[in-house]
Amino acid sequence: MSTLTQPPETGASDFDALLARRRFRWPRIWRQPLMIIGSVVIALWLLVAIFAPLLEPQNPLAQGSARLTAPSAAHWFGTDTLGRDVLSRIIAGSRVSLPLAIVLVILSMVLGSILGALAGYLGRVVDEVIMRITDLVFAFPTIILAMVVAAALGPGLQNAVLALLLVSWPQYARVMRSMVIGARNNEYVVAGRLLGAGVATSLIRDVLPNVIAPILVLATLDFGNAILLFSGLSFLGLGTVPPTPEWGSMVSDGVKQFSSWWIATFSGMAIFSIVVAFNFLGDSLRDVLDPRSQRTVGGRSI
Amino acid sequence: MTDGLVLDRASVTYRQSLGHSLTAVDGVSLQIGSGEVVGLVGESGCGKSTLARAVCGLERLSAGSVSFDGAPVGRLGLRKREQSLLRIQMIFQNPYASLNPRRRIGQQIEDARKINPGDAPRVAELLAQVEIEPSAVNRFPHEFSGGQRQRIAIARAVASGPDLLIGDEPIASLDASLQARVATLLRDVAVRAGASLLFISHDLAIVRLIATRVLVMRSGRIIEEGPTERIWNDPQQPYTKRLLKAIPVADGLGRLPEIDELVD
């Protein structure tokens, strides 16, 4: 607790001096352990996704005679019911989950931010309509609503993304709306309007750049959530279609073969590691960007 | 109608909860001719800022009218401001909020130059007028002090080639040593640009320094108006007398204005 009451810089002065001598100073954000762990794990997964074809020991779709074999030198993570190599499938699965999560987060961020900004800036009827729709979406548990939509559209990657987009934009809309409402009465926004800026110019030039940071943090936090949701849909059989290697459906396979622990465990750990990494990253970002938690950050930085 | 700004029995009423309403500006009529420097004084909460916002079209009038050079000033809704009204510009009270923190000074002044109907002075000239070094164009607002930001805001307002500048307590959040300097600077810049100036303040001493005519406002009404020296030397209304008595005198005796005279 004593570190919290002291000014954060005093304890680190020796370290700072050392860094200053080396004429290089890591930005504050990179001096948090959680941030470093999260980034390293994400970077590793990104590398895996990029070089997947080189890293896979075997063809992830090739079926072999050795079914449900425990982890061994030939198959590090064992094989599944059809004799496919689990390690290769997990590596190939990163090429499905990661890009889809990125697409999903970006799409819902863009859609939610635009609608939220319009609701906050225009107010009145527009605000009411958009916010009642977000309330409607929020009223249902996320995964259940996504299941309903995915079931209605039929299984498949595209439909899964659509379903998840439908359930994940409202949180961005809400945050954006409240930020814009807070910012639109700032004197520089009014001054811009007095200088002849229209609504669109005012929003894009004066309002958005000043409120975008929390949205980006929310998006980083949401990456993990998106992967989890997507794996959840696949687990329920509403996401990817077999034989596509996807972590959620692999966990589902593993559950059916409960004695072959390796199938569900390793794919589950893949989901776990990347979700936790994104949460670390998002939490650290939020701590650094949120002035109210600055002191806590100062106490924890290394 | 005539030139300049004309308010004809303008009122602004805020609706409050449970059917209550607050008339912040109550039937104010006034006129500001071109090139005039007018001071508007009054205590906090008397409706000065609401009046300023109404002149810019930022408040809805509940009665009366505001017009500028004969053109009525409507409420600024979601549409762009009308071309003829762009010549009314405002300088705000809080220098820390009046510049966009994410854009460079030069860009912000450039935006204002674009709507100047004539030949806008160059950004460097504008900055020189308000005594800011020209290298400021590539810097962001947080790199400047409150007084500097207020001067940049003045440069921005002037860049648009205004005919009427409104200073809504532009010096209230500056320290005492800067107040007179920024106020006279604002007056000089406005006069040089050929704009009239409505200077709002609760500080009569500063207003005396720069204004030729003074309006005294109380509870939403203009209760006294006249040339600055007349108001200063021969106030008619008891309220104006009390306002003048409330100015601290720097005579080294450390006296404060007598409080019992300030209270009704």
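**Exercise 1. Find which residue of S9(B) stands opposite B:Leu40, then place the pair in its strands.**

*Solution.* Start with the partner: B:Leu40 faces B:Leu215 in S9(B). Next, look at the strands, which are DSSP runs of E with at least two residues, numbered from the N terminus just as helices (H or I, at least four residues) are. S3 (residues 37-41) and S9 (residues 213-218) of chain B run parallel, joined over four bridges; pairing takes at least two DSSP bridges.

A word on the model: it is predicted, with pLDDT of at least 70 needed for local features and 80 or more for side-chain atom pairs, while totals for chains, interfaces and linings use all residues. Residues count from 1 along each chain as written, and chains are lettered from A and ligands numbered from 1 in written order.

**Exercise 2. Follow S9(B) into its hairpin with S10(B).**

*Solution.* First, S9(B) pairs with S10 (residues 221-227) of chain B in the antiparallel sense, over six bridges. Then find B:Arg213, whose bridge partner in S10(B) is B:Pro227. Finally, visit the turn: two residues lie between the strands, and B:Ser219 has a positive phi near 45 degrees.

**Exercise 3. Which residues touch the most other members of the largest nonpolar core?**

*Solution.* Such a core joins buried Ala, Val, Leu, Ile, Met, Phe, Trp, Tyr and Cys through C-beta atoms within 7 Å; buried means 20 or more other C-beta atoms within 10 Å, with C-beta atoms placed from the backbone. Among 145 residues, the answer is A:Leu164, B:Val55 and B:Phe199. Helix H6 (residues 86-122) of chain A gives the most to this core, 16 residues.

Conventions. A residue is buried if 20 or more other C-beta atoms lie within 10 Å of its own, exposed if 12 or fewer, and partly exposed in between; C-beta atoms are placed from the backbone.
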